[in-house]
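This report looks at the nonpolar cores of one protein chain and then at its salt bridges. Please keep the sequence and the structure in view while reading.

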Amino acid sequence: MSIEEAITPQRNERLTAERAYELYWADLLGHDATFTCVGTGCSAPLICACLDKPEQNLRIRPYFRSRRLEDHAESCEVAHGRGEPAAGKSPDVFEAERPADHFRATAAAAKADPAAGPARRVASNTSPGLKPRPSHYYRLSSLVQKFLEHRRDKDLAEATVEIGGETVTYETLFRNIYRQKAADQLGTRAVWWGTASLRATKEGGYYLRFSRPFRHDDSELRPTITLTAKDIDAYPVRKLLRARLDKLIAEADGYCVVFVWAKPWMPKDAEKPFVRFYVNNLDHIDVRGPEILEELKNTSRIGT
């Protein structure tokens, strides 16, 4: 049974599996972190699957699971599916910026104010028979994973996400750059994707060049992205980002698939035209291995 939320005594916090994963890679949650069920009157121990895996499995996002169903209390609606009738599905939400205190280190539960008590146990939003709440994401890789899941479920045109103040379908949001006319897309912020080559720079950053081009007049322009060492060093989840990029360079010679939430940019007066994506927030880029290409077949339709 997949469970999306749990309580961790180490932070006296109720958190999603996605947040647990990010905290782990930001060195704010240790190998010895423990998790318990959020169900009413329940303290069943949970395991966070994929917590220490730098690579993104094509079919599995981080999630909590029970060791044994019988560990849950009889009153636990997470395990036993009791609660309010399910409501309509809300759009997922992609947050363009994290809260300022998102990665703030917290005192352990043992040092917390005893009068405050443990994190409140209320019904999980993903339990059967309970009212669902929208899923909030900060890293683009989480949204890419949802895109792949909807692709497998064949509901890309129906599943929606709130991003940048607009609600769009996953089908409209994700766009393959291949042979689209660059001049027509300069004002279009979308999740652009395509195969690319990746290399490390002498300065400690990374340089990406897409394999397939935008069209511009009679030219073909392959977009580029530069990730500077300064930006990476300031990124709270830099350990995870570097682990993934270095692995792709070592094992796939830098051949990869890039997703980036951005607008294509072209200089107005350059002697030779080119296209670039600027990534000011490293949460807005996701770089994956070439094995994902099988998953991406037939998902390049251009949204209107």
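In this predicted model, the largest nonpolar core holds 57 residues, and the members that touch the most other members are Phe35, Ile225 and Leu227. Helix α1, which covers residues 17–25, gives the most to this core, with 6 residues. In soluble globular proteins, nonpolar side chains tend to be buried together.

Phe35 can serve as an example of how such a residue is surrounded. When its neighbours within four places in sequence are left aside, Phe35 is in contact with residues including Ala6, Ile7, Thr8, Leu15, Ala20 and Leu29, and the list of its contacts also includes Ala44, Pro45, Leu46, Cys48 and Phe64. Apart from the largest core lies another core, of 22 residues, among them Leu173, Phe259, Trp261 and Ile292.

The second topic is charge. Side chains of opposite charge can pair when their charged atoms come close. The model has 13 salt bridges, and the table lists some of them.

| Salt bridge | N to O distance |
|---|---|
| Arg98 and Glu22 | 2.8 Å |
| Arg139 and Glu22 | 2.9 Å |
| Asp27 and Lys239 | 3.2 Å |

Which parts of the chain does the pair of Arg98 and Glu22 tie together? Arg98 lies in the loop between β7 (92–94) and β8 (136–137), while Glu22 belongs to helix α1, so this pair ties together parts that are 76 residues apart in sequence. Are these two residues buried or exposed? Because buried means under 20% relative accessible area, Arg98 counts as buried with its value of 15%, and Glu22 counts as buried at 2%.

The salt bridge between Arg139 and Glu22 again involves helix α1, where Glu22 lies, whereas Arg139 is found in the loop between β8 and α3 (140–153), so the pair ties together parts that are 117 residues apart in sequence. Both Arg139 and Glu22 are buried.

The salt bridge of Asp27 and Lys239 links distant parts of the chain, with Asp27 in the loop between α1 and β4 (35–36) and Lys239 in helix α7 (residues 238–252), 212 residues apart. Here Asp27 counts as exposed, at 54% relative accessibility, and Lys239 is partly exposed, with a relative accessible area of 44%.

Finally, salt bridges that share partners join Glu18, Glu22, Arg98, Arg139 and Asp283 into one network.

Key. Residues numbered from 1 in each chain as written. Predicted model: local features only at pLDDT ≥ 70, side-chain atom pairs only at ≥ 80, totals over all residues. Heavy atoms only, no water. Core = buried A, V, L, I, M, F, W, Y, C linked by side-chain atoms within 4.5 Å. Buried < 20%, exposed > 50% of the residue type's maximum accessible area, 1.4 Å probe, protein only. Helix = DSSP H or I, 4+ residues; strand = E, 2+ residues; numbered from the N terminus. Contact = heavy atoms within 4.5 Å. Salt bridge = Lys/Arg side-chain N within 4 Å of Asp/Glu carboxyl O.
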